[in-house]
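These are my notebook entries on a structure that was new to me. I wanted to see how its parts meet and where single residues sit.

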Amino acid sequence: MISITDKPIDVQKVIEASNSLEAGAVNAFIGTVRNNAKRKRVVRLEYEAYNAMAIAEIQKVVDEACAKWSLLGWSIAHRVGILEPGEVAVVVAISTAHRKESFDACQFIIDNVKAKAPIWKKEVFEDGEEWVAAHP
Amino acid sequence: MLYTLKTFGITREIVGERELKFEMSGNHVAELKKELIIRYPEMKALNSMMVAVNNSYAPDELELKEGDEIALIPPVSGG
């Protein structure tokens, strides 16, 4: 399941959606909002997504992962909207027969989702704001 | 031809609207990118600017057709 939501992510539900009785390993990556960036205090992050394309790009990443590893289940959720430090921004949960491929597949998926999915975040500091990665 | 461009993130702020009506004589992605930079010089300062057509990243040589869903994709930063 891939979901892009403006509601808080229920981490347990994402993990459960990835589980399989044949799996001996469930690996979950949880990305959270840090309270600092560039030595400044982050007040909030503002996320937005091009939903239809983000889901299509994430699906391509999952398809690539499925070609590399035997995934028994997977589930990915990404939050959009205004997030405060400590909140969950993204969850990737993968289940496989054994632990090694669950770690490898989970890392592959989060790395590629970050690089390819059309999702953006703006860091809002006490004294300004900045779209992350927009400028050199 | 008149294109409708969806804008996101910093491109939405540069353009000032979520959907931009954009008239130009060319019909390839490369021409669209070039023309955008001429009309919105701030886009030149971005780390990258991709164009998506019908929910996929589009190569420069792709021909734009009437009815295509076209979007400007500034550097992504999800996660």
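The entries below go from the contact between the chains to helices and then to single residues.

**Ground rules.** I worked from a predicted model, in which local features need pLDDT of at least 70 and side-chain atom pairs count only at pLDDT 80 or more, while totals for chains, interfaces and linings use all residues. Residues are numbered from 1 along each chain as its sequence is written, and chains are lettered from A and ligands numbered from 1 in the order in which they are written.

**Where the chains meet.** I looked up the contact first and found 23 residues from chain A and 17 residues from chain B in it; two residues are in contact if their C-beta atoms, placed from the backbone, lie within 7 Å. On the side of chain A that touches chain B, helix 2 (51–68), strand 7 (88–96), helix 3 (99–116) and strand 8 (119–125) each give at least two residues. Helices (H or I, at least four residues) and strands (E, at least two) are DSSP runs, numbered from the N terminus. By class, that side of chain A has 17 nonpolar, 3 polar and 3 charged residues, where Ala, Val, Leu, Ile, Met, Phe, Trp, Tyr, Cys and Pro count as nonpolar, Asp, Glu, Lys and Arg as charged, and the others, Gly among them, as polar.

**Two helices of chain A.** I then followed helix 2 and helix 3 of chain A, whose axes come within 9 Å and cross at roughly 150 degrees; axes are lines fitted to C-alpha atoms, for helices over the stretch in contact, and angles run from 0 to 180 degrees between N-to-C directions. The two helices are therefore roughly antiparallel, a term for angles over 145 degrees. From helix 2 of chain A the contact takes E57(A), I58(A), V61(A), V62(A) and A65(A), and from helix 3 of chain A it takes A105(A), F108(A), I109(A), N112(A), V113(A) and K116(A). I note that this contact has 8 nonpolar, 1 polar and 2 charged residues.

**One helix of chain B.** In helix 2 (residues 29–39) of chain B, I found V29(B), L32(B) and L36(B) buried. A residue is buried if 20 or more other C-beta atoms lie within 10 Å of its own, exposed if 12 or fewer, and partly exposed in between, with C-beta atoms placed from the backbone. These three residues lie on the same side of helix 2 of chain B because they cover an arc of only 55 degrees around the axis, the arc being that of the directions from the helix axis to the C-beta atoms. Strand 3 (50–53) of chain B is included in what covers them.

**Single residues.** I15(A), in helix 1 (residues 11–18) of chain A, is partly exposed, with 19 other C-beta atoms within 10 Å. Its C-alpha atom is separated by 5.5 Å from that of A93(A), 78 residues apart along the chain. L72(B), in strand 5 (residues 70–73) of chain B, is buried, with 28 other C-beta atoms within 10 Å. Neighbours within four places in sequence aside, L72(B) is in contact with L5(B), T7(B), F8(B), T11(B), M49(B) and V51(B).

**Positive phi.** R39(A), in the loop between strand 3 (36–37) and strand 4 (40–49) of chain A, has phi near 60 degrees, a positive value in a residue other than glycine, and it counts as exposed with 5 C-beta neighbours inside 10 Å.

Conventions. Parallel < 35°, antiparallel > 145°, perpendicular 65-115°, else oblique.
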